[in-house]
Every structure is written in structure tokens, then in C-alpha cells.
Amino acid sequence: MDPVKAAFLQAVLNQGKDINQENLLPFLLAMQKNAGERGITFTKQETDMIYNQVKNRLSPSDRKQLELLRMILMQNSDRPEPGGSRK
């Protein structure tokens, strides 16, 4: 994995280690936004790995919310950006 991505993920893990379930999803959304602002992107394989690690910490109802969020994000990532280019 790219060292910049690895450092970002390590920072996320350090910041998120004590976050309770109630605040985990908002935290992840904020981290996703932060990554985007920094130009950090992840492959589908990397995203799947992260997703699987996160979902293990969630309650069954939060897992359903995370799966819904994941589906929405995947659909949005398949849309072309304005001007016709893809991410």
C-alpha cells in the first residue's frame, strides 16, 4: 500500500480507537471527507479491507446502516463528474 495511504489509515485508527459505536459512522464519514480533500483515494480492494475491519466493531443495526451507506457511495463513485470525466 502507498505510504501516504498507510499513514492516513494509521492516523484514522489512532483517532478512532476509542470512539463508541454511536459516533463511529459520523467519524468515518468525516475521515472519508478528509481523505478526499487531501487527494487520497483507495482501490476497491483497499476499501473492502477497511469496510470489513469497521463492520466488525458495529452492532447489527449499524452494520445495516454502513452497508446502505456503502451502496450509496459506490453508486456515486460510478457517476461521471461534471465535464464528463470520472474520478
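The following conversation goes through some contacts and surface features of this predicted model.

User: How many salt bridges does the structure hold, and what makes the contact of Lys5 and Glu46 one of them?

Analyst: The structure holds two salt bridges. In the one formed by the side chains of Lys5 and Glu46, the N to O distance is 2.8 Å, and because the cut-off for a salt bridge is 4 Å between a Lys or Arg nitrogen and a carboxyl oxygen of Asp or Glu, the pair qualifies.

User: Why is this pair said to tie parts together?

Analyst: Lys5 belongs to helix α1 (residues 3–16) and Glu46 to helix α3 (residues 44–55), so the salt bridge ties together parts that are 41 residues apart in sequence. Both Lys5 and Glu46 are buried.

User: What makes Asp48 and Lys44 a salt bridge, and how are they placed in helix α3?

Analyst: The closest N and O atoms of Asp48 and Lys44 are 3.0 Å apart, which again falls within 4 Å, so the name applies. The two residues are four residues apart in helix α3, and therefore about one helical turn separates them.

User: Why is Lys44 called exposed, and why is Asp48 called partly exposed?

Analyst: Lys44 has a relative accessibility of 55%, and since exposed means over 50%, Lys44 counts as exposed. Asp48 has 22% relative accessibility, which lies between the limits of 20% and 50%, so Asp48 counts as partly exposed.

User: Why is the aromatic pair of Phe8 and Phe42 called tilted?

Analyst: The count comes to one aromatic pair. Phe8 and Phe42 form this pair, with 6.4 Å from centre to centre and 40 degrees between the planes; because centres within 6.5 Å make a pair, and planes that are neither under 30 nor over 60 degrees apart count as tilted, the description fits. Phe8 lies in helix α1 and Phe42 in the loop between α2 (21–37) and α3, so this contact ties together parts that are 34 residues apart in sequence.

User: How do you know whether Phe8 and Phe42 are buried or partly exposed?

Analyst: Phe8, at 5% relative accessibility, is under the 20% limit and therefore counts as buried, whereas Phe42, at 23%, lies above that limit and under 50%, so Phe42 counts as partly exposed.

User: Which residues form the nonpolar patch on the surface, and what makes Met71 eligible for it?

Analyst: Leu68, Met71 and Ile72 form the patch, and together they have about 270 Å² of accessible area. Met71, which is placed in helix α4 (residues 60–77), is partly exposed with a relative accessible area of 42%, so Met71 passes the requirement of over 30% for patch residues.

Conventions:
Residues numbered from 1 in each chain as written. Predicted model: local features only at pLDDT ≥ 70, side-chain atom pairs only at ≥ 80, totals over all residues. Heavy atoms only, no water. Patch = residues over 30% accessible without salt bridge, like charges linked within 9 Å, V, L, I, M, F, W, Y side chains within 5 Å. Areas by Shrake-Rupley, 256 points an atom, 1.4 Å probe, with all protein chains shown as cover. Buried < 20%, exposed > 50% of the residue type's maximum accessible area, 1.4 Å probe, protein only. Phe/Tyr/Trp six-rings, centres within 6.5 Å; stacked < 30°, edge-to-face > 60°.
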